[in-house]
Amino acid sequence: MIEANVPFWSREAETVMDALGVTGAGLSSEDARRRLEEFGPNRLQERRKTEGIRLLLSQFASPVILILLAAATLSIFLHDRADATIILLIVFISGLLGYWQERGAANAVEKLLELVELRARVRRDGTESETPMDEVVPGDIILLSAGSGIPGDCLLLESNDLSLDQAALTGETFPVDKFPGAVPADTELAARSCALYMGTHVVSGSGRAVVIDTGRRTEFGKVAQRLRLRPAETDFEHGIRRFGYFLMQVTLLMLVGIFAINTYLQEPVLDSFLFALALAVGLTPQLLPAIVSVSLAQGAKRMAKNKAIVKRLASIENLGSIDIFCSDKTGTLTEGLVRIKAQDLAGNDSDRVLEIAYLNSFFETGFPNPIDAAIRAVRQFDVSNWQKLDENPYDFVRKRLGMLVSRDRRSLLITKGALNHVLDVCSTAELPDGRKVGIDEVREWLDERYQSFSSQACRMLGVAVREMGAATKCLREDKVEMCLIGYLVFNDPPKDGVAATITELCNLGVSLKMITGDNHLVARSVGGSVGLQNTVILTGPEMRKMSESALIQRAPEVDIFAEVEPNQKEHIILALQKSGHVVGYLGDGINDAPALHAADVGISVDSAVDVAKDAADIVLLEHELEVVVRAVRDGRATFTNTLKYIFIATSANFGNMFSMAGASTFLPFLPLLPQQILLTNLLTDFPAMTIASDRVDAGIVERPRKWDLGFIRRFMITFGLLSSVFDYLTFGVLLLLLKAGPVEFRTGWFLESVVSACLVLLVVRTQLPFYRSRPGQPLFWTTCLVAVIALILPFTPLGPVLGFTRIPVVFLPWLAGIVVAYIGCAELTKRWFFHREARRTRLA
């Protein structure tokens, strides 16, 4: 291999190829397989075999859990081995439950990600093929075109107007030209013109390169290892973190307070400490990470069935929160099937103009695009006498594609591109009768045609030629003094039903904003045809004259951004975000990557260029706006089910812990033993494990959902206090009417706590009256099963082991009455609470 002390960019290509043991035909399949075994997969992070063990250990990583485990272990050595062993067993079962759910979720997501695989064009065994990015090895010969991601650190062998975006590695704003040829060893990374690096991508041109390093040995891999790069925190992740801090404060306050009170009441210190810790564990929804993972994985599977593959799970929650969706028109609002006709400068259909345009498209080797495909599909011309000599690939600055071809030893330069950009390099125009006139003589007529076609949602491309004699190369200075011979007119009709889909999106509280490079007349016409009436349009040139603050104020009012330059897309997204909106962006082109990164949810399509798919959070298997609508609904359903667990767990746990803390101040015994607290918590968590598959009320998904810690706090306090009211009612029945002793008291309250928590779950899971909202089958039956287990448990041989006894039958009617009253009050409280919250929202 290459000597480490001699940088590859300072060596000649032949020397590097010899050192790598590769020829221009590329590696053999067998050699590539051996190198993959030697160097490993081309990934920045290896999938560790210990992941399962780490995931299991993470279930017990909470400081409160660790302290509880330590205290229970100490209790085994000091006294009461049976109770301490039960505590350890319950904590272990709870951890296994979380591990099982999270592990299953991770495996499901991994399988989904395999559906969206980035590939590289490589030469192996002398032929070109597509290979998964993570199977590219040192020595592979890669073929590059616009939109290609660079799969490793490479040495450039050949190039044709090749430009790369290196911003991810160097921070450079503009594309950098690349060409073969060694540079000094001490050249700075950004100036190594012959070196290509992982994490960058091709903006324009084409080339051929040999891979030097892959995975963590690349420059990008070294940076990622040093900085441990991670995606920006989503709004949901930020909310979860703040919620964790809030719970930590409440838990610590309760832990210290209860321990101090019980110690003051001269309860045994270790028992008091275990009791306080068990209460702290009970207050903490320790299955929250598992519930979040399962909810997201379930959401990802639902979205996959609806043709949307989630690459980053946290983006599902953000998808449910978006209130602005930005998209280009091509392929999303329109068919993406271009219809073309060629005309001369008299406005007549012209076979000659079509043939010249066909030659330009036929020999084009850049990234596939619908316009060239449409030109080739209109009519096939005989090109057997033509030979391609050189190519100037299309890019998003010049907006032209140049092709040098020859026939009968006479070279012809053909340029096709955006009309104004083609006119910039033309000095003459050829009329249908063969006469040539100055380009200025046809500008006014062309402008009239341009305005007319644009108002019909049609675009124009100019077609120009220049006789080049015997030239075999096309230099930059040759791309002037060309002769315009005609133009192409094409349109892309709207998709059937797209207007109804846009209306449905608006009904979900999401406004659509079109971002396009087309002129404002075309954009307005397309907007009108898809149902965007009375639209407000802002053009790219107008944006350039605006300050950042002015754009932030104006952007939310705009429906269509037209004549937008590639670098302006990101500015639009950022302006919308700074104005307080959650923004989704759909893009599939080379220049969409910055906007996809900037958006709260970046969405691309499976047919997009590699760099767009790599930047996206979600990849659509079908380029349909309807898929986005379904994905938004799925995102909101996932977000809602995750919040259900938080609402239910925190309110029920807070109520029970508040009741227990209060009871411990006046009872001469602990209201529940530590293992009974943990068992109560474990049993009430079982139904929550199925909440990810619960049905969601239709009205809930009709509006964007955002994380609101204040709402969670108010819900927790309201329903927690309601739970405590019925806990204290249970205390009164047990102590005053049934004259229960410690064991009977604990058994009775255990039954009331578990049964009421399970049944009230079915009430608070919906904003509708509970009898009008049918829960999911798994949730319903798991809830019923846990309630039955709780009722039976004291009467089994396991009951005395856990500190329970056979409760007098006379208590059961009282239990039924308390639970029914609790359900009724919970329903009434729910209606009052959500009515108050709706009023609060209206007044905000």
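**Reading rings, helices and charges in a predicted model**

Visitor: How many aromatic pairs does a search of the whole structure find?

Guide: The search finds 22 aromatic pairs. Keep in mind that you're looking at a predicted model.

Visitor: How is a pair of aromatic rings described?

Guide: By two things: the distance of the centres and the angle of the planes. Take Phe719 and Phe833, whose ring centres are 6.0 Å apart with 70° between the planes, an edge-to-face pair. Phe719 belongs to helix α25 (residues 709–737) and Phe833 to helix α29 (residues 811–843), so this pair ties together parts that are 114 residues apart in sequence.

Visitor: Is Phe719 buried or exposed?

Guide: Buried, because its relative accessibility is 4%. Phe833 counts as buried too, at 0%. And Phe833 has another ring partner: it forms an edge-to-face pair with Phe834, at 5.4 Å centre to centre and 80° between the planes. Phe834 is buried as well.

Visitor: Which residues do ring pairs link into a cluster?

Guide: Look for Phe669, Tyr728, Phe731, Phe745 and Trp749. A ring can also have a charged group over its face, as with Trp9: Arg192 lies over that ring, 3.6 Å from its centre.

Visitor: Let's turn to helices. What span should helix α23 have?

Guide: First, the general idea: an α-helix has 3.6 residues a turn, so residues three or four places apart point the same way. For the span, count 1.5 Å a residue: the 42 residues of α23 (residues 625–666) should then cover 62 Å. The C-alpha atoms at the two ends are 62 Å apart, so the model agrees with the expectation.

Visitor: How many residues of α23 are buried?

Guide: 36 of the 42, so α23 is largely enclosed by the rest of the structure.

Visitor: How many salt bridges does the structure hold?

Guide: There are 30. One of them brings together the side chains of Asp694 and Lys644, at 2.6 Å from N to O. Asp694 is in the loop between α24 (674–688) and α25, while Lys644 is in helix α23, 50 residues apart. Both ends are covered up: Asp694 counts as buried at 5% relative accessibility, and so does Lys644, also at 5%.

Visitor: Which salt bridge joins Asp694 and an arginine?

Guide: The one with Arg765, at 2.7 Å from N to O. Here the link runs from the loop between α24 and α25 to the loop between α26 (742–764) and α27 (777–792), with Asp694 and Arg765 71 residues apart. Arg765 counts as buried, at 4% relative accessibility.

Visitor: Where do Arg714 and Glu837 lie?

Guide: Arg714 is in helix α25 and Glu837 in helix α29, 123 residues apart. Their side chains meet in a salt bridge of 2.9 Å, N to O. Arg714 counts as partly exposed at 22% relative accessibility, whereas Glu837 counts as buried at 6%. Elsewhere, salt bridges that share partners join Glu30, Asp31, Arg33, Arg34, Arg35 and Glu37 into one network.

Visitor: Now for strands. In which sense do β1 and β2 pair?

Guide: In the antiparallel sense, over six bridges, with β1 at residues 119–124 and β2 at residues 127–132. To find a bridge yourself, start at Arg121: its partner in β2 is Glu130.

Visitor: What is the phi of Asp125 near?

Guide: Near 55°, a positive value in a residue other than glycine. Asp125 sits in the hairpin of β1 and β2, which has two residues between the strands. At 46% relative accessibility it counts as partly exposed. For another case, try Arg409, whose phi is near 65°. Arg409 is in the loop between β12 (400–407) and β13 (410–418), and it is exposed, with a relative accessible area of 80%.

Visitor: Where is the place of Val463?

Guide: In strand β16 (residues 458–469). As a general idea, side chains in a regular strand alternate between the two faces of the sheet. Val463 is buried, with a relative accessible area of 0%. Leaving out residues up to four places away in sequence, Val463 touches several others, among them Val353, Ile356, Thr415, Cys483 and Tyr487. The C-alpha atoms of Val463 and Ala342 are 9.4 Å apart, though 121 residues separate them along the chain.

Methods. Residues numbered from 1 in each chain as written. Heavy atoms only, no water. Helix = DSSP H or I, 4+ residues; strand = E, 2+ residues; numbered from the N terminus. Expected span 1.5 Å × (residues − 1). Buried < 20%, exposed > 50% of the residue type's maximum accessible area, 1.4 Å probe, protein only. Phe/Tyr/Trp six-rings, centres within 6.5 Å; stacked < 30°, edge-to-face > 60°. Lys NZ or Arg CZ within 6 Å of the ring centre and 35° of its normal. Pairing = 2+ DSSP bridges. Contact = heavy atoms within 4.5 Å. Salt bridge = Lys/Arg side-chain N within 4 Å of Asp/Glu carboxyl O.
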